[in-house]
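Me: I am new to this structure and would like a close look at a single part of it, namely how one pair of helices packs together. Please take me through it slowly, and add whatever helps me to place it.

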Amino acid sequence: MLYHDSLKTKLYKILEKITSKQKVELSTLDNIDFSIDNSPKKEFGDLSTNIAMVGCKFLKISPIELAEKIVIDLKHENQIKKVEIVKPGFINIFFYNSFWHDQLYEYLNIKRNFNYNVESKKICLEYVSANPTGLMHIGHARGAVLGDTLSSILKEVGHEVTDEYYINDAGEQINKLLDTINFYLKNKCNFDVKTPDSLYPGDYLKEIAKIFFNQSLKQTKLNEQVIKKILGDIKDDLKTLKVNHKNFISEKKLSSMQRVNNLKKKLIDMKLAYYGFQETPKNIQDEKWEKKEQFLFCSKKFGDDSDRALIKPNGNLTYFMSDIIYHQNKVERNFDVLINIWGVDHFGYVKRLKNAIKAINKKEVNIQIKLTAMVNLLKNNTKMKMSKRAGTYITMREVLKEVGTDAIRYTMISRNADKKIDFDLDVFLHKNKDNPVFYIQYAHARCSSIIKIAKEKFGDEFVSNLKNVTNLTELQIYEEKQIIKQVCSFYNVIKSSAQSFEPHRISNFLFELAKTFHSYWALGNIDESKRILIEDDLIVSKSRIHLIVAVKSIIKKGLDLLKIDCPENM
RNA sequence: GUGCCCGUAGCUCAAUUGGAUAGAGCAUCUGACUACGAAUCAGAAGGUUGGGAGUUCGACUCUCUCCGGGCACGCCA
């Protein structure tokens, strides 16, 4: 077991022992959540824990007093050199170097197969779900990459994830799309005729129209083919982004007459919906607006300002209705958790959908909606203007062409989802530290390079054959210990990243590791004795090259999770 | 008007979910290469975490309030 878990178990047992002596119910310990951190300062030892400060509330003694009790047992651990109690109640632990050698040895043995000790869940992860009315833009890319990366991370820790794309192939937007295509076809693809404001402008759909110009398909067949073509283009883009959904669920197919009627009946029976009139929406200035009877969901019951439409006056479904149908379908498929990734502009729907699903189902449905903030594109330090309405938006395709998959993937996940991204395209044209992807990849390439040299100098066995921990005992420099700590804490970063749905923790970790690595490497430029390979000192060289092997494998694992290229040389 | 999100160094972002003296990169200044890959490294400087109040051993993090920015509030998705 790597240190984070093993130490946590150990501390928990000590606390249990103390608790049992204190005549306090052992079950109170279930609520205890203490942390074990890498000490922020050298003077604070290797690791520190807040267990005494968290635990004292349950045991009703002062933190220092509790810390003293804990330390009595901790001191007897044979690899612990020293334990200190500081101010409010921190416990700082100092280990002998041998402890870190054992840790590295353990990591090298388990390779990259961490034991996360996470209860496996069946998860439905829905993301992108852009309607097929045009190409993906950069905002879609954020959802796509976040979803896909989250999926790898959740799978990594042991969950069973189904990646889904909900195709909005019905509704007003699709009608508008088909109207646009029909308009072009009617004009025999003469694009000098001005596109009416009510239709989608933009060159992309003109190209689509050209494809179908000479095919003279029947209307229904044409509609089908147009959507298929656009969806195909979206799928191609996703593929280039390395995003692979398992299921593509069609709204049109899912929202069958039977399902609609069943849901309608159910909602009426449950007194959750009715036919009536909606109040005039607050942001509607249209004077022509008139009240019409429609089928409404009782959103007011759940704190909404107004009841919301499920079926429009003309009998068509609203997005809300078809979304309920889709989510009920997910519920029927017995997932433990439903995760949706939506653009922040949909946030108004979060509460509404959650309430609806909660109200309809008797059982608890765990539905989590992660919102992604906006993405701005920057070039030459200026924001690039985008307007979907005017058809002048920049497609993801164009961005991909300019900076490549790795840059997009890294940028999209390296920031917390709730913060807006200013995506500076120029950064990724740099091949230096300005470009974080490059910096991490370069660290990996350097590792590969020196491992190759080690093999040439000392033979393959030298690197591949690590018999026992004694081959690591020459790792005595402070920086080496820091690297081992980082290496051995990666599984914990992955775990917390999966728990909080925050992949940026992984990219940040990799950047930090690359930094410590480059820094360690440079020590050899100043001091010959700190070079990784030393001709006449095989023992030191062997220790150090295995540290490098570990770093390389961690970077590889991290970049694999993010699906970013990990070159051996560059 | 109502609701939600954001506000951290000049710029772009972190902060192990309430922990110790708030950390990185860029930009600025200074230094290190006939190289285990200098596409790198070391150092300096840079802060009242938007303002104010509260909660407690302890607040960037939680509560309240104000300010600024963004996004929503549809019979679009």
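Reply: A crossing is called left-handed if the near helix is turned anticlockwise from the far one by less than a right angle. With that in mind, and remembering that this is a predicted model, we can turn to helix H4, which covers residues 97–110, and helix H17, which covers residues 478–500. H4 passes H17 in just such a left-handed crossing. The two helices pack at an angle of about 45°, and their axes lie 10 Å apart; because of that angle, H4 counts as oblique to H17. On the side of H4 the contact is made by Asn97, Trp100, Gln103, Leu104 and Tyr107, while H17 contributes Lys481, Ile484, Val487 and Cys488. Sorted by class, the contact of H4 with H17 has six nonpolar residues, two polar ones and one charged one.

For a second pairing to set beside it, helix H5 (residues 138–156) and helix H14 (residues 405–413) pack at an angle of about 80°, with their axes 9 Å apart, and H5 and H14 are therefore roughly perpendicular to each other. Here Ala141, Arg142, Val145, Leu146 and Thr149 of H5 meet Ile408, Arg409, Met412 and Ile413 of H14, and by class this contact has six nonpolar, one polar and two charged residues.

As for the wider setting, the domain assignment of chain A gives domain 1 as residues 3–95 and domain 2 as residues 436–562, and the C-alpha centres of domain 1 and domain 2 are 30 Å apart.

Technical notes
Residues are numbered from 1 along each chain as its sequence is written. Chains are lettered from A and ligands numbered from 1 in the order in which they are written. This is a predicted model: local features need pLDDT of at least 70, side-chain atom pairs count only at pLDDT 80 or more; totals for chains, interfaces and linings use all residues. Domain bounds come from an automatic or database domain assignment. Axes are lines fitted to C-alpha atoms, for helices over the stretch in contact, and angles run from 0 to 180 degrees between N-to-C directions. Helices (H or I, at least four residues) and strands (E, at least two) are DSSP runs, numbered from the N terminus. Angles under 35 degrees count as roughly parallel, over 145 as roughly antiparallel, 65 to 115 as roughly perpendicular and the rest as oblique. Two residues are in contact if their C-beta atoms, placed from the backbone, lie within 7 Å. Ala, Val, Leu, Ile, Met, Phe, Trp, Tyr, Cys and Pro count as nonpolar, Asp, Glu, Lys and Arg as charged, and the others, Gly among them, as polar.
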